[in-house]
Every structure is written in structure tokens, then in C-alpha cells.
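Hi everyone, thanks for making time. I'd like to walk you through one structure today, going from the whole chain down to a few side chains.

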Amino acid sequence: MTAMPSLNGSVGYIFTSCDLDVKGSGNVQFKNMIERFKVYDQPRRPEGKEEEWVAGERVDTRDYLLYGRLYLPSGRLDALYSTRLSPTVQTLVAAVSHPSASARGRGGDASNIMFNLQHDVGKWCTEYSYSADDGMWGLRVLHNFGRLGLPVDPTDDTSTNGSRAGLKRVDEEDAVEGGLKGRVSAGAELYVSAKEKSAGGSIGLRFTTLPDATPPSFQVPSSSSPPSLASKGQQSQPPTTITALFNPILGHMSGAYSAQVSRDLSLSSRFDFNVYSFESEWTMGAEWWMRRSPSADIEEDSDMGVDPFTPQISPNSTSLESRDEVHGVVKARASTNNVC
């Protein structure tokens, strides 16, 4: 509920058949409840549920999700239903009802229903959509370059190819270090409206660092895991995402660069430009996580040459949980058009 600039609020409901590990508000991870910058892990092919059999009959059912939200005082109602038809196919039905908008004469009925069918195999992902309001059909395609799943442990190569360690061909050059190591994804979307007799489309590219440097979201490692596992497999490169979008019909171009420059600070910059009107906008944003305890241990680790992007277990720390506990976040955005 919000009171500025006017009084309004909403009441929501959500239900799912999946088992959710939902913690109480007193011990839930703060970063898991806030929309934030993060780098996702490598794409992988979805796996289905384990089959459950009772007396020779299969009793397991498909997972589903129900969601509803009522906005006050406008009376707008949002509803959503989603279920998996197979491990790689998911369907979604969404409906919107806005009685106050139709009462003001905005083109009659303001209700709409949308259908989505998603097919994800890890390397490829396609989505088909239909909107009944304007008779719009849509198609989205995303391709992830590179391998699927987690990268191979480099220790395996040393064990299998130990006999070749130290050997070098005459024409072999030294590997060039430096730069960001990551994966590239390319996508496109196309929309056609039968009612409006119009079409639209866009293409995009995305680069994301690899492997994931935020596993998962810098959460505190468990006390049972050895300290060496906290830093194993982590690269000393900041989590970074670079995206580029282009809409040839509207002439809109957009490029964005986001990176986590330190453990608690993320910066982002985006530039939008229209090739037809020559209008442009430059936007910058920052995200800073505030911790309850002082960062003296982190500064001590950085002086000793420890990677600041990897959470380390300090033997001098009396409470590891208090050291990594986050109690707030500050977000700021500034652009050539506005500041917030």
C-alpha cells in the first residue's frame, strides 16, 4: 500500500504445487527478496519430476502455479495460471480485467487474455504468444552459445593429462591472459497484429561472464563445508553483463553495461538512441548493499591479497553470520531526462 501521491494498494494471492523452501521473515536471505543485479548460471536442459508409483499406478501430477492480484481503488484484477506439459514445455495463461478503464469509455471493454507456450531445451528457447485484445501473435527465439551445464572441473584435465603437463609444441604460443571470460546469447522477437494490421520485431545480443561469480548471491557458506570450497572454481573477474538491442522498424537502439565492481556495489550504464528522430538518453544506476557489521575483516583480506569477489571464512571473525548479514540496500538512478 502506498500513500503518495495518492492512496492505493493491492491484495495478492499465490499458490503452487511445488515444494517451496520459504523461510520466515526473521531468517530469510535479504538478497533473495529484492530485485537486484545478478549473473545467472549456465543454461541447462530442464529436468522432469521423478515418477511416483502406487500399486502399479502413476500418481504424480503436473506442477502448476496460480496467481491473482486485486488493485485498489481502481478494481483492476490480474490472474495467471501456469503449468508444465513436459519437462521442456510450459504453458501460461494470463488475464487482466480493468472495469474502471472501460467505464471511462476507453474503447469499450478493457479486459484481455493472453496465452503463452514456452519450449526450453537449454541451448535453444522459443516462446509463442497470443493476445486476444488486439489479435497479436508473437514469436521469441533465444540461442545460447557454448556448452550447457556447469563447466568441467579443471582438476580433471590435470589428472587425465598429467603426462602432458609441461610439454609444449614448437609451433605452440603462450596463452594470452586478461579480459572477461563468458558466454554469448542471441535472441529475436517478432509480433504480428491482425486487428491493427501491423508488425514489429527486434534483435538482441547479450554477453555474461562465466562462471557465475555470485554463487548463490554471495550467501554465507555453511559451517560444515571446508573453507577451500568457498574459493574453489571462482574467477577473479567481476560479474558483468553487456546487452545490445535493436528494433529496425522503430529505429530504436539500446546498449547497456552492468558490473559488480565490489562485493556490495554494482554499477550500470545504458544508452538509448533512435536512428529516425535522433533522440537519445543516457542512464546510469548504482546498487549498494549495507551490512550490519563493519567491514574490517574484508579490508584485512584485501590487504592480504584475497580475492574481494569471493567470500572467505576468517578465523578471527567471531560470528560469520553477523559479518555477512545485509540489513539494507540503496539504489539510485540518474539519466538525462530525470533523476530518482
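Before the overview, one cut-off: a residue is called buried when its relative accessible area is under 20%. Please also keep in mind that this is a predicted model.

With that in hand, how much of the protein is buried? Of its 340 residues, 25% are buried. As for the surface, the protein exposes about 22800 Å², and 58% of that area is supplied by carbon and sulfur atoms.

Now the fold. The secondary structure comes to five helices and 16 strands. If you take the contacts between residues at least 6 apart in sequence, 54% of them join residues at least 24 apart.

Let's move on to the aromatic rings. A search of the whole structure turns up three aromatic pairs. I'll show you one of them, formed by F15 and Y64. The ring centres are 6.1 Å apart, and the planes make an angle of 45 degrees. Why is that pair called tilted? Because planes under 30 degrees apart count as stacked and those over 60 as edge-to-face, the rest being tilted, and the angle here is 45 degrees.

Where do the two rings sit along the chain? F15 belongs to strand β1, residues 9–16, while Y64 belongs to strand β4, residues 64–72. With those positions 49 residues apart, the pair links distant parts of the chain. And are these residues buried or exposed? F15 has 36% relative accessibility, so it counts as partly exposed. Y64 comes in at 29%, so Y64 is partly exposed too.

Next, two polar side chains. N247 is in strand β12, which covers residues 240–247. Its relative accessible area is 16%, so N247 is buried. What does N247 touch? Leaving aside residues up to four places away in sequence, N247 touches G201, S202 and H252. With G201 we can be more specific: a polar atom of the N247 side chain lies 3.4 Å from the backbone oxygen of G201.

The other one is Q260, in strand β13, residues 252–260. Q260 has a relative accessible area of 5%, so it is buried as well. Which backbone oxygen does the side chain of Q260 reach? That of R263, at 3.0 Å.

So, to leave you with a picture: a tilted aromatic pair joins F15 and Y64, and the side chains of two buried residues meet backbone oxygens, N247 that of G201 and Q260 that of R263. Thanks for listening, and I'm happy to chat afterwards!

Terms used. Residues are numbered from 1 along each chain as its sequence is written. This is a predicted model: local features need pLDDT of at least 70, side-chain atom pairs count only at pLDDT 80 or more; totals for chains, interfaces and linings use all residues. Side-chain values use heavy atoms; hydrogens and water are left out. Rings of Phe, Tyr and Trp (its six-membered ring) pair if their centres lie within 6.5 Å; planes under 30 degrees apart count as stacked, over 60 as edge-to-face and the rest as tilted. Helices (H or I, at least four residues) and strands (E, at least two) are DSSP runs, numbered from the N terminus. Buried means under 20% relative accessible area, exposed over 50%, partly exposed in between (1.4 Å probe, protein chains only). Contact means heavy atoms within 4.5 Å. Accessible areas come from the Shrake-Rupley method with a 1.4 Å probe; for residues, only the protein chains shown count as cover. A polar contact is a pair of N or O atoms within 3.5 Å; within protein, one must be able to donate a hydrogen and the other to accept it, and residues adjacent in sequence count only if both atoms are side-chain atoms.
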